[in-house]
Amino acid sequence: MKNDKAHFVAFIGVMFALIFVLFLLEGAVLSPLGMTACILSLPVSIALSIYDDWKKSFVGGTLLGVCSCVFCLIFASMFIVYANPLISVLPRFFIGITAYWTYFGLSKLCAKAKSRFIREVLPAGIAGVVGSLTNTVLYLLAVNIWSGNAMGAVTQILQVAVTIYFPIELVACAVLVPAYVTVLKKVNRRFIAVKRIPENAGEKI
């Protein structure tokens, strides 16, 4: 049990580092263009939330939120307003939860399908889209609430929806999340899931 927890903690540390590096890369490339799309980091976060059971569904979004908060603190001159955990972390907490239950429901619905695409890839892809929508809507809502312009949230969400990067983010999540889920499941089976010895294995009959 202790080894199981140790492996999982180490795994989360590695995933945090990966998400943070991707977030930094996105910020370095897209910030000069006036864009803040999570094209690489968000799919990883969503996949991390849905590859296992519901108890871990909040992990990926929370890690993304913490990375966002740290990023805003590092580049405080440009993003200090968004370093507020109620803006950068709290909305992201729900990304994996909505994505997980979407994935879980569709997986159950398509469990008997003969096609692997319908059985596994399609549910993960749709879950990726749901996670991306959750991220955008809740993040912008939080920004507007804490800036004292709650009524303008809907307008800003609609403005973002017609920009270039938002559709790119949706497509990235739909395409990359299924691939990442497959990889994470293999990693989970190889390094995290530890076979437990039955308590009575040493008993003599």
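Student: Hi! Which side chain of opposite charge is nearest to E169, and how far away is it?

Tutor: Hello! That is R92, 7.5 Å away. This is a predicted model, and in it E169 is buried yet has no salt bridge.

Student: Where in the fold does E169 lie?

Tutor: Look at helix α10, residues 165–192, for E169.

Student: And what is E169 in contact with, leaving aside its neighbours within four places in sequence?

Tutor: Six names to select in your viewer: A37, C38, L42, S132, N135 and T136. One of them, L42, also turns up among the buried residues of helix α2.

Student: Ah, α2. How many residues of that helix are buried?

Tutor: 10 of its 10, so to speak the full run of residues 41–50. Besides L42, the buried list includes S41, P43, S45 and S49, along with I46 and I50.

Student: Let's zoom out. What does the secondary structure come to?

Tutor: The protein has 10 helices and zero strands. Reading from the N terminus, the order is simply α-α-α-α-α-α-α-α-α-α.

Student: What share of the residues is buried overall?

Tutor: Buried residues account for 40% of the 205 in the protein.

Student: How about contacts, what part of them join residues at least 24 apart?

Tutor: Counting contacts between residues at least 6 apart in sequence, 71% join residues at least 24 apart.

Student: Now the outside. How much area does the protein expose?

Tutor: About 11,700 Å², with carbon and sulfur atoms supplying 71% of it.

Student: Which residues form the nonpolar patch on the surface?

Tutor: The patch is made of F58, L86, L90, F93, F94, L141, I145 and W146, and together they have about 700 Å² of accessible area. Two elements, α6 (90–93) and α8 (116–146), give two or more residues to it. The most comes from α8, with three residues.

Student: Take L90 in that patch. Why does it count as partly exposed?

Tutor: Because its relative accessibility is 43%, and partly exposed covers values between 20% and 50%. L90 is found in helix α6.

Student: Last topic, confidence. Where is it lowest and where is it highest?

Tutor: Among the helices to check, α9 (residues 153–161) has the lowest confidence, at a mean of 69, while α7 (residues 95–109) has the highest, at 96. Over residues 195–205 the pLDDT is below 50, and that stretch has two contacts in the model beyond near neighbours in sequence.

Student: And what is the mean pLDDT of the protein?

Tutor: The mean is 84, and 83% of the residues reach 70 or more.

Note on methods: Residues numbered from 1 in each chain as written. Predicted model: local features only at pLDDT ≥ 70, side-chain atom pairs only at ≥ 80, totals over all residues. Heavy atoms only, no water. Buried < 20%, exposed > 50% of the residue type's maximum accessible area, 1.4 Å probe, protein only. Helix = DSSP H or I, 4+ residues; strand = E, 2+ residues; numbered from the N terminus. Contact = heavy atoms within 4.5 Å. Areas by Shrake-Rupley, 256 points an atom, 1.4 Å probe, with all protein chains shown as cover. pLDDT = per-residue confidence, 0-100. Lys, Arg positive; Asp, Glu negative; His and termini not counted. Salt bridge = Lys/Arg side-chain N within 4 Å of Asp/Glu carboxyl O. Patch = residues over 30% accessible without salt bridge, like charges linked within 9 Å, V, L, I, M, F, W, Y side chains within 5 Å.
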